[in-house]
Amino acid sequence: NTIMITMEIDLSLIGMEKGRQYETIITTQNNEGTKHAAPIGVLCSGKDTILNRIFKGSHTLDNIVSQKEFVVNICNSPELFTESLIDDLGDEHFNDDLSLKDADAYFRCRVIKLTEAVKQSDPIKSSGEAIVIKSEVVDLTIKKETAAFNRGFGYVIESLTNFLRFDLVEGEQKEFYIKRFNEAYRIVNKVGTKQDIKAMHKIKKELKNKGHDL
């Protein structure tokens with residue numbers, strides 16, 4: 001059964017905690033009504049507010065700047081994330097309210113503030129030209145019990161998978177695993193949940209105790 005939440009909106013109901021980033025599919029439309037979907041990270045900044053940092057030149061950013069509203073879809077479908085990035089999702093994937101039919105939950109956002117954000121150290125683009133979008137959540141629909149996906153957990157699992165390999169390899173292979181772990185550690189500390197961060201700290205401590213130079 002679909003649960004409509006229209007009174008007190010609280011993003012923790014879909015597993016989002018303040019200060020953490022989650023992987024979502026954002027749906028928008030342009031002035032002509034053409035719908036667009038794209039995987040976009042969402043930073044939870046409060047129980048009813050979010051932040052996005054989106055590079056200039058994307059359809060999603062153009063549509064958000066134009067319409068001042070958009071929909072954030074929560075789902076755990078690898079196919080849907082892949083299709084929304086590589087292919088243009090057809091109208092058959094969308095509901096009339098711009099949400100995705102296969103989403104487990106979704107919330108509608110209204111833009112509060114747009115801020116130019118130039119980050120010289122950005123690893124993707126040297127100039128890092130982007131817009132930071134602060135939005136308020138105006139309604140939340142939960143179709144089934146779910147939690148927004150945080151990629152920190154995936155890095156914890158990968159690090160655990162590689163944990164025993166540190167003892168089995170030497171030379172370049174060991175350097176490879178050390179680099180993988182350090183990158184995972186960096187990302188989890190940036191976007192992961194408190195539990196993810198605690199787990200990575202424990203893994204790092206154990207690796208150091210075993211004599212590995214991280």
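Both phenylalanine 166 and tyrosine 177 are buried, and these two residues offer a convenient way into this predicted model. Their rings form an aromatic pair with a tilted arrangement, the centres lying 6.3 Å from each other and the planes meeting at 45°. The pair brings together distant parts of the chain: phenylalanine 166 sits in the loop between α3 and α4, whereas tyrosine 177 belongs to helix α4, 11 residues apart. Tyrosine 177 also pairs with phenylalanine 176; here the ring centres are 5.3 Å apart and the planes stand at 70°, so this pair is edge-to-face. Ring pairs thus join Phe166, Phe176 and Tyr177 into a cluster. Burial varies within this cluster: tyrosine 177 has 14% relative accessibility and counts as buried, while phenylalanine 176, at 44%, counts as partly exposed. In total, the structure holds three aromatic pairs.

Tyrosine 177 leads on to the packing of the helices, as Tyr177 is among the α4 residues that meet α3. Helix α3 covers residues 152-163 and helix α4 residues 171-191; their axes are 9 Å apart and the packing angle is about 155°. That angle makes α3 roughly antiparallel to α4. The crossing of α3 past α4 is left-handed. On the α3 side, the contact is formed by Gly152, Tyr155, Glu158, Ser159 and Asn162, and on the α4 side by Tyr177, Arg180, Phe181, Ala184, Ile187 and Val188. Sorted by class, the residues of this contact comprise six nonpolar, three polar and two charged.

Helix α3 has a further partner in helix α5, which spans residues 194-209; the two axes come within 9 Å and cross at roughly 20°. With angles under 35 degrees counted as roughly parallel, α3 and α5 are therefore roughly parallel to each other. This crossing, too, is left-handed. From α3, the residues involved are Gly152, Phe153, Tyr155, Val156, Ser159, Leu160 and Phe163, and they meet Asp196, Ala199, Met200, Ile203, Glu206 and Leu207 of α5. The classes represented in the α3 and α5 contact are nine nonpolar, two polar and two charged residues. Gly152, Tyr155 and Ser159 of α3 appear in the contact with α4 and also in the contact with α5.

Attention can now turn to the strands, with alanine 38 as an example. This residue lies in strand β3, which runs over residues 35-46. Alanine 38 counts as buried, at 11% relative accessibility. Leaving aside residues up to four places away in sequence, alanine 38 touches Thr24, Ile25, Ile26, Thr60 and Ser84. Between alanine 38 and leucine 89 the C-alpha to C-alpha separation is 9.1 Å, although 51 residues separate them in sequence.

These local views belong to a protein with five helices and seven strands. Followed along the sequence, the elements appear in the pattern β-β-β-β-α-β-α-β-β-α-α-α. The C-alpha trace extends about 60 × 40 × 30 Å along its principal axes. Of the 214 residues in the protein, 42% are buried. Finally, considering contacts between residues at least 6 apart in sequence, 70% join residues at least 24 apart.

How values were computed
Residues numbered from 1 in each chain as written. Predicted model: local features only at pLDDT ≥ 70, side-chain atom pairs only at ≥ 80, totals over all residues. Heavy atoms only, no water. Axes fitted to C-alpha atoms, helices over the stretch in contact; angles between N-to-C directions. Helix = DSSP H or I, 4+ residues; strand = E, 2+ residues; numbered from the N terminus. Parallel < 35°, antiparallel > 145°, perpendicular 65-115°, else oblique. Left-handed = near helix turned anticlockwise from the far one by under 90°. Contact = heavy atoms within 4.5 Å. Nonpolar A, V, L, I, M, F, W, Y, C, P; charged D, E, K, R; others polar. Phe/Tyr/Trp six-rings, centres within 6.5 Å; stacked < 30°, edge-to-face > 60°. Buried < 20%, exposed > 50% of the residue type's maximum accessible area, 1.4 Å probe, protein only.
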